[in-house]
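Q: Could you take a close look at one residue near the end of this chain, and then set it against the rest of the fold?

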Amino acid sequence: QVQLIESGGGLMQAGGSLRLSCAASGRTFSSRTMGWFRQAPGKEREFVAAITWNAGSTYYADSVKGRFTISRDNAKNTVYLQMNSLKPEGMAVYYCAAASAWARGWPALATMRNYDYWGQGTQVAVSS
């Protein structure tokens, strides 16, 4: 069992930066790939980024490549999402998720059904 709690959301002007955190509890955190997804009002939840258990590989949606960085600290059971150059279309609820133990590579890690545990989300608002 993994419990996830996101934090760090808020209101930011376009072009600004924000760092989201996801604190995890549970013994399997350090062995799981972790991901961030987001859901904008009226839209489906979409993949943002993922990082493998040892941070050996990272994956990003095309829309955030070069602007967002996912990282993790297994000693602190925490995964982060550094968001730079925020755009108004980035306004959404951001969710942290823990992948299934067997999920590997792309595009599996960009697929919601391959994630077993989800946080409650943190709201990010971007003003233009």
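What follows is a request about one residue and a connected reply.

Q: Take V126: which strand does it lie in, is it buried or exposed, and which residues does it touch?

A: A word on the ground rules before V126. This is a predicted model, so local features need pLDDT of at least 70 and side-chain atom pairs count only at pLDDT 80 or more, while totals for chains, interfaces and linings use all residues. Residues are numbered from 1 along each chain as its sequence is written, and side-chain values use heavy atoms, with hydrogens and water left out.

Now to V126 itself. You'll find V126 in strand 11, which covers residues 122-127; strands here are DSSP runs of E with at least two residues, helices are runs of H or I with at least four, and both are numbered from the N terminus. With a relative accessibility of 7%, V126 counts as buried (buried is under 20% relative accessible area, exposed is over 50%, partly exposed is in between, using a 1.4 Å probe and protein chains only). Leaving out residues up to four places away in sequence, V126 touches L11, M12, Q13 and A14, and also L86, K87, P88, G90 and M91; a contact means heavy atoms within 4.5 Å. As for L20, 106 residues separate it from V126 in sequence, and their C-alpha atoms sit 14 Å apart in space.

Zooming out, the chain holds 11 strands and 0 helices. The radius of gyration is 13 Å, close to the 14 Å from the globule rule for 128 residues, so the chain is as compact as a globular protein of that length; that radius is taken over C-alpha atoms, and the rule is 2.2 Å times the number of residues to the power 0.38. Along the principal axes, the C-alpha atoms fill a box of roughly 40 × 25 × 25 Å. V126 has company in being buried: 45% of the 128 residues are. Among contacts between residues at least 6 apart in sequence, 59% join residues at least 24 apart.

For another buried spot, try T52, in the loop between strand 5 (46-51) and strand 6 (58-60). Its relative accessible area is 13%, so T52 is buried. The T52 side chain reaches the backbone nitrogen of G56 at 3.2 Å. Again skipping residues up to four places away in sequence, T52 touches R32, T33, S57, Y59 and R72.

Notes
Polar contact = N/O pair within 3.5 Å; in protein donor to acceptor, adjacent residues only side chain to side chain.
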